Every structure is written in structure tokens, then in C-alpha cells.
Amino acid sequence: MDLIGPISEIFKCVCSPICEYFYYYKKLDENMEELDRVLRELESKKKDIEATLSRAEREQGKKPSNEVSDWLKNVQRINTKAESFK
């Protein structure tokens, strides 16, 4: 009878990560669809910003700020990383 407590604790430690894994596995398709949706939105925003930048550079000779350049680089990095999940 003295073994029930420690065995119960071991079971709790092992069961929790396994249950969490199955939860995420079960939701994988839904999560991937959500990821695709968010990536499409991000890509649309990126294209809009690039079009605005191109027009500003062509018509006014303006260059993008460092913040905008960094944002565009981060979008590319995010897209590359997301593609590795598919």
C-alpha cells in the first residue's frame, strides 16, 4: 500500500506531458489552418507595404526607415520558419 502514493505521483508526471501531446496532435489540422490564415494576412500586409515603399521611392525618392526594413526582414524570416513546419 505504501507504493500507491509514489506510483500515483509518477503517473501524474508522465501522464501530463502525454495528454498535452495528444491534445496538440488532435488540434494539429486546426492549428495549421490558423497558421496558414495568419501567414496569408501577413503576406498581404507585406505586399501592401512594399507597394507603398516602391511608390514613395519612385515618386519622392524616399527610402524605407530602418524599422520598416527590419519588419520586412522579420516577415521573411517568419515565412521561412513557417514553411519548415509544413
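Which residues form one aromatic cluster? In this predicted model, the cluster is made of Y21, F22 and Y25. Let's begin there and then move on to the charged side chains.

A search of the whole structure turns up three aromatic pairs. One of them joins Y21 and Y25, whose rings are stacked, with 6.1 Å from centre to centre and 15° between the planes. If you follow the backbone, you will find both tyrosines in helix α1, which covers residues 4-26. They sit four residues apart there, so about one helical turn separates Y21 from Y25. Both of these tyrosines are exposed.

Y23 and Y24 make another aromatic pair, and here the geometry changes: the ring centres are 5.4 Å apart and the planes meet at 70°. Planes over 60 degrees apart count as edge-to-face, so that is the label for the Y23 and Y24 pair. As for accessibility, Y23 has a relative accessible area of 45%, while Y24 has 46%. Exposed would require over 50%, so Y23 counts as partly exposed, and Y24 is partly exposed too.

Now for the charges. The whole structure holds six salt bridges. One of them links K27 to E30, with the closest N and O atoms 3.2 Å apart. Both partners are partly exposed: K27 has a relative accessibility of 21%, and E30 has a relative accessible area of 48%.

Further along, in helix α2 (residues 28-60), you can find K46 and E50. These two form a salt bridge whose closest N and O atoms are 3.7 Å apart. K46 and E50 are four residues apart in the helix, so they are separated by about one helical turn. What is the accessibility of K46, buried or exposed? Its relative accessibility is 11%, and buried means under 20%, so this lysine counts as buried. Its partner E50, at 34%, is partly exposed.

E57 and K63 form a salt bridge as well, and their closest N and O atoms are 3.0 Å apart. In this pair E57 is partly exposed, with a relative accessible area of 38%, whereas K63 is exposed at 63% relative accessibility.

One more group of charges is worth finding on the structure. E34, R37 and E41 are linked to one another in a network of salt bridges.

Conventions
Residues are numbered from 1 along each chain as its sequence is written. This is a predicted model: local features need pLDDT of at least 70, side-chain atom pairs count only at pLDDT 80 or more; totals for chains, interfaces and linings use all residues. Side-chain values use heavy atoms; hydrogens and water are left out. Rings of Phe, Tyr and Trp (its six-membered ring) pair if their centres lie within 6.5 Å; planes under 30 degrees apart count as stacked, over 60 as edge-to-face and the rest as tilted. Helices (H or I, at least four residues) and strands (E, at least two) are DSSP runs, numbered from the N terminus. Buried means under 20% relative accessible area, exposed over 50%, partly exposed in between (1.4 Å probe, protein chains only). A salt bridge is a side-chain nitrogen of Lys or Arg within 4 Å of a carboxyl oxygen of Asp or Glu.
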